[in-house]
Amino acid sequence: MFGDVEVPAEVLTDGTLRCYAPAHQSGRVPFYVTCSNMVACSEVREFEYRDSEAHYMDTSRSQANGVNEMHLHICLEKLLTLGPDDHQMLAINSLMLDGKWSNQESSVKEVVSTARVQSLKKLVKEKLHQWLICKVNDDGKGPNVMCKEGQGVIHLVAALGYDWAIRPIIIAGVNVNFRDAHGWTALHWAASLGRYARTH
């Protein structure tokens, strides 16, 4: 239910629904799940309709258009870099964006073993854990900092499909609706790249 309007919803996975918001004037309306009888069978939340999407989100182009996974990994590594020891790995990964390497990217992806993927995941988990501990104790913006391209850590992990990382980031103090420099949330990034973003 969006206010007084009941809309159909599709169950994607356990605890994940998808529906389309009906047209409505700007403002907040009650938002909840029903059993097709207009009676709430979930917690009643608020859904906010806004005047102009252009003000909140760059709709002239899709941010995800042209963004490849390697670029997202490099942005995440740059954001998670804490000291000089991390720069060597960053330089090696930055070479992967070079034109000579990008032509070979599809063949490299085919050769990548499960062990390498697991090693990368472990490395990202360790770096994220260390970064969150440092940022939680930081007097600056904490974990709400953004990379040069304007995304925060929550946007990058959602875009990469690292749903395991969302909950620790939220616990560290990043709002699940934290918007990047272009008005996108983690959910926008996950959806634009065909990923599922879960917070539980």
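Which residue forms a salt bridge with Arg28, the closest N and O atoms being 3.1 Å apart? The partner is Glu46, and the first view below starts from this contact. Please keep in mind throughout that the model shown is predicted.

**View 1. Arg28 and Glu46 form a salt bridge.** Here we look at the contact in which the closest N and O atoms of Arg28 and Glu46 are 3.1 Å apart. Arg28 belongs to strand β3, residues 27–31, and Glu46 to strand β4, residues 45–49. The two residues are 18 apart along the chain, so the salt bridge joins distant parts of it. Both partners are exposed.

**View 2. Glu48 also meets Arg28 in a salt bridge.** Staying with Arg28, this close-up turns to Glu48, where the N to O distance is 3.8 Å. Because Glu48 sits in strand β4 and Arg28 in strand β3, this pair ties together parts that are 20 residues apart in sequence. Is Glu48 buried or partly exposed? Its relative accessible area is 36%, so Glu48 is partly exposed. Arg28, in turn, has a relative accessible area of 56% and is exposed. Taken with the previous view, Arg28, Glu46 and Glu48 make up a linked network of salt bridges.

**View 3. Glu69 and Arg195 pair up through their side chains.** In this salt bridge the N to O distance is 3.3 Å. Glu69 is part of helix α2, while Arg195 lies in the segment after α9 (186–192). With their positions 126 residues apart in the sequence, the two link distant parts of the chain. Glu69 counts as partly exposed because its relative accessibility is 36%. Arg195 also counts as partly exposed, at 28% relative accessibility. For the model as a whole, the count comes to 4 salt bridges, and the pairs shown in these views are among them.

**View 4. A cavity is lined by residues from α2 and α6.** How many cavities of 30 Å³ or more does the count give? The count is 1, and the volume of the largest cavity is about 40 Å³. Around it you will find Leu76, Glu77, Leu80, Leu123, Val124 and Lys127. The elements giving two or more residues to this lining are α2 (69–80) and α6 (114–136). By residue type, the lining divides into 4 nonpolar and 2 charged residues, with no polar ones. Helix α2 may look familiar here, as Glu69 of the preceding view is in that helix too.

Notes:
Residues numbered from 1 in each chain as written. Predicted model: local features only at pLDDT ≥ 70, side-chain atom pairs only at ≥ 80, totals over all residues. Heavy atoms only, no water. 1 Å grid on protein atoms, 1.4 Å probe; cavity = no way out; pocket = protein on both sides within 12 Å on 5 of 7 lines; lining within 4 Å. Points joined across faces, edges and corners; volume = space filled by probe spheres on them. Helix = DSSP H or I, 4+ residues; strand = E, 2+ residues; numbered from the N terminus. Nonpolar A, V, L, I, M, F, W, Y, C, P; charged D, E, K, R; others polar. Buried < 20%, exposed > 50% of the residue type's maximum accessible area, 1.4 Å probe, protein only.
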